[in-house]
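Visitor: I'd like to go through this one with you and hear the reasoning behind each label.
Guide: Sure, let's pull it up.

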Amino acid sequence: MAVLRSRSVLSGLAVAIVATFVVAQLVSGPSAFVAQPPASVKGAAVTAEQAAPAVLGAAAGLLSVEPAQASLLYDEILPVSYGVAFATIWGIVLGFVLLRLQEAFPE
């Protein structure tokens, strides 16, 4: 009986510790791993001079890359789909074989 009582005390103590930790985290407010930006940066809008390099970089990257589906179909999509189809059909065949074996050797 003493072991049961010590278990209930330990579990209650663990729940109280976890609840205290959760309440402390909720009360302390939001915390982040990065520092908050200064107030002067928060309200500043992005100007055209700042946005131009990013837009040009994205446009150059998008225009120079060949389409993703160019060789992807024959290199990755079809072999994987054939493998999945074969595995599914093979699973159905094995299921019927096991079903027939169960009928052949009843318990």
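**One pair in a helix**

Guide: Let's begin in helix α4, which holds both R100 and E103; they sit three residues apart, about one turn of the helix. Bear in mind that this is a predicted model.

Visitor: What makes R100 and E103 a salt bridge?
Guide: The closest N and O atoms of R100 and E103 are 3.4 Å apart. The cut-off is within 4 Å, so the pair counts. Side chains of opposite charge can pair when their charged atoms come close.

Visitor: How many salt bridges does a search of the whole structure find?
Guide: Just one.

Visitor: Why is R100 called exposed?
Guide: R100 has 59% relative accessibility. Exposed means over 50%, so the label fits.

Visitor: And why is V93 called partly exposed?
Guide: V93, also in helix α4 (residues 69-104), has a relative accessible area of 37%. Partly exposed lies between the 20% and 50% marks, so that's where V93 goes.

Visitor: What makes V93 fit for a surface patch?
Guide: Patch residues need over 30% relative accessible area, and V93 has 37%, so V93 clears that bar. The nonpolar patch covers about 930 Å², and its members include W90, V93, L94 and F105.

Visitor: What about the chain overall?
Guide: Read along the sequence, the pattern is α-α-α-α, with four helices and zero strands. Of its 107 residues, 0% count as buried. The chain exposes about 9,900 Å², with carbon and sulfur atoms supplying 73% of that.

Note on methods: Residues numbered from 1 in each chain as written. Predicted model: local features only at pLDDT ≥ 70, side-chain atom pairs only at ≥ 80, totals over all residues. Heavy atoms only, no water. Patch = residues over 30% accessible without salt bridge, like charges linked within 9 Å, V, L, I, M, F, W, Y side chains within 5 Å. Areas by Shrake-Rupley, 256 points an atom, 1.4 Å probe, with all protein chains shown as cover. Salt bridge = Lys/Arg side-chain N within 4 Å of Asp/Glu carboxyl O. Helix = DSSP H or I, 4+ residues; strand = E, 2+ residues; numbered from the N terminus. Buried < 20%, exposed > 50% of the residue type's maximum accessible area, 1.4 Å probe, protein only.
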